[in-house]
Amino acid sequence: MAQRLIVEGKDDAIVLSNILKRKQISPPKGYTNEFKFKQEFIINANGDSKIKTSLKEELQSPDVERIGIIIDADDKGPENRFKSLIDFIEKETDKDLSNAVLTPEGFFHQLKDDRTIGIWIMPDNQNNGYLENFVGMMMEDSNLTWQFAQEKVAELLEKDFCKFTDTKKQKALVHTYLALQETPGLPMGTAVEAGYINIKNPLIESFANWFKNTFILEEKQ
């Protein structure tokens, strides 16, 4: 039995795998080896436009029984992205998913051929955004560094020399916050490991539950 998690890019893979480690969630069954986890379980589609290509390949593989897909809502919105994926899965599998509903807990469904499909739309299955919005939602309001980063990015947006647009504000905000840590400028995944990003959060619980429902995990010893 093979299992696959399809993501848009390397950042998603590293952030999410480190969150699962910190939450002490067992790895998917058959993927305890870190190299196998990164090279076989996680499928990096290398961009939003190639998600469906990767998904088609996994749907056509008779050995793959569990497939998880994590994509960004971006500005199109979670419902739009969800419907596009569901329509594609219906077309490729000839299965009826007309009753499929995206909830705040994500989506997971067992097809009639015993395959399970799970979908999580970043950041939280409800709002527009991307991975950095997911990370931002983990920040505590009482975090003074986060407050400072928010103030400075808001100020910068009003300057004529500001190069990024409002749609990229969240990316600037998260990376400003990370630049102010004890070890400045860590990538998001490493920052999770270092404890700079809060994982004791209802959003993380929802994501962890979605992961557990989508995949078969190794039993804890």
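## A tour from Gln24 to the core

Start by selecting Gln24, in the loop between H1 and helix H2 (34-41); helices (H or I, at least four residues) and strands (E, at least two) are DSSP runs, numbered from the N terminus. This is a predicted model, in which local features need pLDDT of at least 70 and side-chain atom pairs count only at pLDDT 80 or more, while totals for chains, interfaces and linings use all residues. Residues are numbered from 1 along each chain as its sequence is written, and side-chain values use heavy atoms, with hydrogens and water left out.

Look at the backbone of Gln24: its phi is near 60 degrees, a positive value in a residue other than glycine. Gln24 is also exposed, with a relative accessible area of 61% (exposed means over 50%, buried under 20% and partly exposed in between, with a 1.4 Å probe and protein chains only).

**Step back to H1.** Gln24 comes just after this helix, so select residues 10-22 next. The 13 residues of H1 should span 18 Å at 1.5 Å a residue, and the end C-alpha atoms are indeed 18 Å apart; the expected span is 1.5 Å times one less than the number of residues. Color the buried positions of H1, among them Asp12, Val15, Leu16, Ile19 and Leu20.

**On to strand S3.** Select residues 64-72: eight of the nine are buried, so S3 is largely enclosed by the rest of the structure. Now show its partners, remembering that two strands pair if DSSP finds at least two bridges between them. S1 (residues 2-7) runs parallel to S3 and is joined to it by six bridges, where Arg4 is partnered with Ile67. S5 (residues 116-122) also runs parallel to S3, with seven bridges, and here Ile70 has Trp120 as its bridge partner.

Stay on Ile70 and display its surroundings. Not counting residues up to four places away in sequence, its contacts (heavy atoms within 4.5 Å) include Leu5, Leu16, Ile51, Met122, Phe207 and Trp210.

**Which residues have the most contacts inside the largest nonpolar core?** Ile70 is one of them, along with Leu55, Ile69, Ile119 and Phe134, in a core of 66 residues. Such a core is a set of buried Ala, Val, Leu, Ile, Met, Phe, Trp, Tyr and Cys residues joined through side-chain atoms within 4.5 Å. Helix H9 (residues 202-214) gives the most to this core, with six residues.

**Along S5.** Ile121 lies in this strand and, at 0% relative accessibility, counts as buried. Its contacts beyond four places in sequence include Ile71, Asp72, Pro78, Phe82 and Leu102. A little further on, zoom in on the peptide bond from Met122 to Pro123, which is cis, with omega near 10 degrees. Pro123 sits in the loop between S5 and helix H5 (131-136).

**The loop after S3.** Asp74 is placed between S3 and H4. Its phi is positive, about 55 degrees, although Asp74 is not a glycine. At 24% relative accessibility, Asp74 counts as partly exposed.

**Last stop: two helices.** Select H3 (residues 51-60) and H4 (residues 78-93), which pack at about 35 degrees with their axes 11 Å apart. Axes are lines fitted to C-alpha atoms, for helices over the stretch in contact, and angles run from 0 to 180 degrees between N-to-C directions. The crossing of H3 past H4 is right-handed: the near helix is turned clockwise from the far one by less than a right angle, whereas anticlockwise would be left-handed. Show the side chains where they meet, including Ile51, Leu55 and Leu59 in H3 and Leu85, Phe88 and Ile89 in H4.
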